[in-house]
Amino acid sequence: MSKRKGYYASKVKRATHMLFFKRHTKPGVKGWELRKTLGSDYPKVLKILDDYLKGLDLQVKTVFEEERHVENPSLEQLDKARFLITLRGELTPKEAKMIGWRIDDLAGLSIAISYIVSKKGQAPRKEVEDLLRDKLPGWKVGLNVDRYVRHGYLMQDENEQLYLDWRTRAEVDQKALIDLLLGTEAKPSS
Amino acid sequence: MQSAKEREKLGRERLQRIMETCRSVEQRSLDPFVINVTENLNNLREFLQDWKLPDDLALDAETVNCLASVVRLQSEWVKHRSTTLYADPFLLEEKLRTISKEKVVRIFLRAWDPAVELEQISLHSIAEAIRYWQSLLPFNERWQQTSPGEVRAGSATREELLRDRILRDIAFSEELENFWQTLKETVADKGHEGKIRYWDFVGAETYEETVERAFMTSFLVTYGYATLEVRPLEEEIFIKPNGKPVPLAGKKQLVSIPIAVSVEDWTKWKRGELQ
């Protein structure tokens, strides 16, 4: 029994090293890389790690290539998926500020993402910028959109159309965001 | 009574208008149902009998293609509306304008799980850095002033410039086209299913030649003359010539694929140990 525990303990350690420390430009590790290092039972190793991380308010997140959550993924889908560590709970606005995001920047990101989601995942940059100009100073709008693109939240094509990029898929619960925005009471204009 | 020429002109204009509307719906992600596909198809049918020239028939086919894209968009639109993610863009836009910045942030933080990423230095990179530091010459030696010798201006012939590799014998684009032909011939001879293993194509008798072929291959891929097929699980790379150069600037994000062409790999390939 203890031998088995030791077997998984060492694999969980390896998985922690791989997932926490940045190896590529994008954070996280592909499933096939984990399989190569940890063996074919890597989903079980990740499950153990995820249970352990619960207490630390972190989680192992799986981002599938298909852009949507897959209920019962096959080994092939897992191999192609990206695994990364994300926060499990919520940050307070003060904490968000401490990790380098100003309230303005976060509000802008939230507005851009929700607007693109409502437009079926694609919206002209100009429309997004017009909407952002409502809440952000004009000189900051373009810079902020560039920053969201640089960080991997948005992607822009040669026709200046904006799309959601990998980081939004990994970090943002798009359905919850839209539901919360639509469910919120607007401040009556004075 | 309209003359045949006038009718043809009118038909062409109408087709152009239909295509423009379809394209603007596609590009600006407008509601695809603003286009009445049936009515437009009837318009096309009305003019079809007038088309005699291949250009007009091509224009007709292109218009049908644009309308088909609109039908695809309509289908996607219905699918999206039936998903749980659907939110009326106008309603949402209105909400976004009326909610305060602080409230937007509070909502976003409830749906946002930022990724944890740590930058680190590994033992390996420290060892590399020490090796680099030890081999680095002192600053004053590196920046030593060398007095330039007296240079006399003279003339050189084209042959001399070619010999010294200052000029190239043929233009680079021409060289690239020739290399593309070589790839197509090699694939036809030794390839399988229209592609060939990367090393089987770039590998040559000498290491210098191999590097040169790898260099040219990278340009073939960059300029759309060929496609790289990377199979990460099998650790195999194939190169596939395109029938004609394909421009790569599209919606797809371009990626760089670094492929090491080291002496060790070349030696392994020569021994038949590397595929």
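# Two chains, their sheets and their cores

Trainee: How many helices and strands are there in chain A?

Mentor: Chain A has 10 helices and 6 strands. Keep in mind that this is a predicted model.

Trainee: And what about chain B, how many helices and strands there?

Mentor: Chain B has 12 helices and 3 strands.

Trainee: How much of each chain is buried?

Mentor: In chain A, 34% of the 190 residues count as buried. For chain B, buried residues make up 16% of 275.

Trainee: What about contacts between residues far apart in sequence, at least 24 apart?

Mentor: Take the contacts between residues at least 6 apart in sequence. In chain A, 57% of them join residues at least 24 apart. In chain B that share is 58%.

Trainee: OK, sheets. What is the strand order in the open sheet of chain A that contains strand 6?

Mentor: The order is 4-6-5, with antiparallel pairing among the 3 strands. Strand 4 (122-124) and strand 5 (154-156) of chain A each have a single partner strand, so one side of each has no neighbour in the sheet. From one strand to the next, the twist averages 30°.

Trainee: Which residue pairs with A:Leu154?

Mentor: A:Leu164, in strand 6 of chain A, is the bridge partner of A:Leu154. Strands 5 and 6 (residues 161-164) of chain A are joined by 3 bridges and run antiparallel.

Trainee: Which helix packs on that sheet?

Mentor: Helix 7 (residues 125-132) of chain A does, touching strand 4, strand 5 and strand 6 of chain A. The direction of helix 7 makes about 75° with that of strand 4 of chain A.

Trainee: Switching to strand 3 of chain A. How many of its residues are buried?

Mentor: 6 of its 6 residues, which span 82-87. Strand 3 of chain A also pairs with two strands of chain A: 2 bridges join it to strand 1 (residues 29-30), and 6 bridges join it to strand 2 (residues 58-63). Both pairings are antiparallel.

Trainee: Which residues face each other there?

Mentor: A:Val29 has A:Phe83 as its bridge partner, and A:Leu58 stands opposite A:Leu87.

Trainee: Now the sheet in chain B. Which strands stand at the edges?

Mentor: The sheet is open, with 3 strands in the order 1-3-2 and antiparallel pairing. Strand 1 (196-197) and strand 2 of chain B are at the edges, each with a single partner strand, so one side of each is left without a neighbour in the sheet.

Trainee: How many bridges join strand 3 of chain B to strand 2, and how many to strand 1?

Mentor: Strand 2 (residues 226-231) and strand 3 (residues 236-241) of chain B are joined by 6 bridges, with B:Ala226 opposite B:Pro241. Strand 1 of chain B is joined to strand 3 of chain B by 2 bridges, and B:Arg197 stands opposite B:Phe238.

Trainee: Which residue takes a positive phi in the hairpin of strands 2 and 3 of chain B?

Mentor: B:Glu235, with a phi near 55°. That hairpin has 4 residues between the strands.

Trainee: Which helix lies across the chain B sheet?

Mentor: Helix 9 (residues 172-190) of chain B lies across strand 1, strand 2 and strand 3 of chain B, at about 115° to strand 3.

Trainee: Next, where the chains meet. How many residues does the contact take from each chain?

Mentor: It takes 43 residues from chain B and 54 residues from chain A. On the chain B side, helix 5 of chain B gives the largest share, 11 residues. That side divides into 21 nonpolar, 8 polar and 14 charged residues.

Trainee: And the largest nonpolar core, which members touch the most others?

Mentor: A:Ala112, A:Ile113 and B:Phe108, out of 55 residues. Helix 6 (residues 103-118) of chain A supplies the largest share of this core, 9 residues. Domain 1 (2-89) and domain 2 (94-183) of chain A each give at least three residues.

Trainee: What is A:Ile113 in contact with, leaving aside neighbours within four places in sequence?

Mentor: A:Tyr153, A:Leu164, A:Thr168, A:Val172 and A:Leu177. A:Leu164 came up earlier, as the bridge partner of A:Leu154.

Trainee: What lies apart from the largest core?

Mentor: Another core, of 13 residues, including B:Trp180, B:Phe201, B:Leu220 and B:Ala226.

Technical notes
Residues numbered from 1 in each chain as written. Chains lettered and ligands numbered in written order. Predicted model: local features only at pLDDT ≥ 70, side-chain atom pairs only at ≥ 80, totals over all residues. Contact = placed C-beta atoms within 7 Å. Nonpolar A, V, L, I, M, F, W, Y, C, P; charged D, E, K, R; others polar. Pairing = 2+ DSSP bridges. Axes fitted to C-alpha atoms, helices over the stretch in contact; angles between N-to-C directions. Core = buried A, V, L, I, M, F, W, Y, C linked by C-beta atoms within 7 Å. Buried ≥ 20, exposed ≤ 12 C-beta atoms within 10 Å, placed from the backbone. Domains from an automatic or database assignment.
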